[in-house]
Amino acid sequence: MRGFTPSLAAAILTAGCYLSIPTVNVLAQAPSQGPSISARDLSDQKLKAVAAALERVASLRKDYGQRIAEAEAPAEKERIVAEANKELPKAVTEQGLSVEEYASILDMAQDDHEIQDELLQRMRPSDK
């Protein structure tokens, strides 16, 4: 099971920034310009906030993805997408992060295994 964890973590990190539901991609639309955070500037508090946001975003993605897949009428799918587009950024900002800051840290984590490890240490196990 230990070998599965890094793959799952990589999937969560990727999913957190680049949502796989094509029409529910608010977080991926964050402007790429603006202040960038360096690895040494990441505080424990920021890493905890990003880890909490990742968990919430992953949960929302799963929930909304399932709801969209189950919806039959195009209007219902659009309503669910609109709801998700409101909830996904809120999942990040409720942790005290801007969407841009969250996306920037996830981008850094994709390239920096040390940051990935730090985030994984702060995430609750998802084995339910």
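This report walks through the fold, the salt bridges and two helices of a predicted model.

Some ground rules come before the details. Residues are numbered from 1 along each chain as its sequence is written, and side-chain values use heavy atoms, with hydrogens and water left out. Since we are looking at a predicted model, local features need pLDDT of at least 70 and side-chain atom pairs count only at pLDDT 80 or more, while totals for chains, interfaces and linings use all residues.

**Overall picture**

The chain comes to five helices and zero strands, with elements running α-α-α-α-α from the N terminus on. Helices here are DSSP runs of H or I with at least four residues, strands are runs of E with at least two, and both are numbered from the N terminus. Of the 128 residues, 37% count as buried; buried means under 20% relative accessible area, exposed means over 50%, and partly exposed is in between (1.4 Å probe, protein chains only).

About 7900 Å² of the chain is exposed, and carbon and sulfur atoms supply 51% of that area. The areas come from the Shrake-Rupley method with a 1.4 Å probe, and for residues only the protein chains shown count as cover. As for contacts (heavy atoms within 4.5 Å), take those in the chain with a separation of 6 or more: residues 24 or more positions apart account for 78% of them.

**Salt bridges**

The structure holds nine salt bridges. The term covers a side-chain nitrogen of Lys or Arg within 4 Å of a carboxyl oxygen of Asp or Glu. Here are three of the pairs, each with its N to O distance.

| Pair | N to O distance | Citation |
|---|---|---|
| E83 and R79 | 3.1 Å | |
| E87 and K90 | 3.2 Å | |
| E118 and R122 | 2.7 Å | |

E83 and R79 both sit in helix 3 (residues 74-93), four residues apart, or about one turn of the helix. E83 is partly exposed at 27% relative accessible area, and R79 is also partly exposed, at 40%. This pair belongs to a wider arrangement: D63, R67, E76, R79 and E83 are linked in a network of salt bridges.

E87 and K90 are three residues apart in helix 3, again about one helical turn. Their relative accessibilities are 24% for E87 and 36% for K90. Over in helix 5 (residues 113-122), E118 and R122 are four residues apart, about one helical turn. E118 is partly exposed at 26%, and R122 is partly exposed at 23%.

Why does that spacing suit a pair of side chains in a helix? An α-helix has 3.6 residues a turn, so residues three or four places apart point the same way.

**A91 and helix 4**

What does A91 touch, leaving aside its neighbours within four places in sequence? It is in contact with A53, R56, V57 and L60. A91 lies in helix 3 and is buried, with a relative accessible area of 3%. A91 and A52 are 39 residues apart in sequence, yet their C-alpha atoms are 8.8 Å apart in space.

Helix 4 (residues 99-111) has 13 residues, which should span 18 Å at 1.5 Å a residue, and its end C-alpha atoms are 19 Å apart, which agrees. The expected span is 1.5 Å times one less than the number of residues. The buried residues of helix 4 are V99, E101, Y102, A103, S104, I105, L106, M108 and A109.
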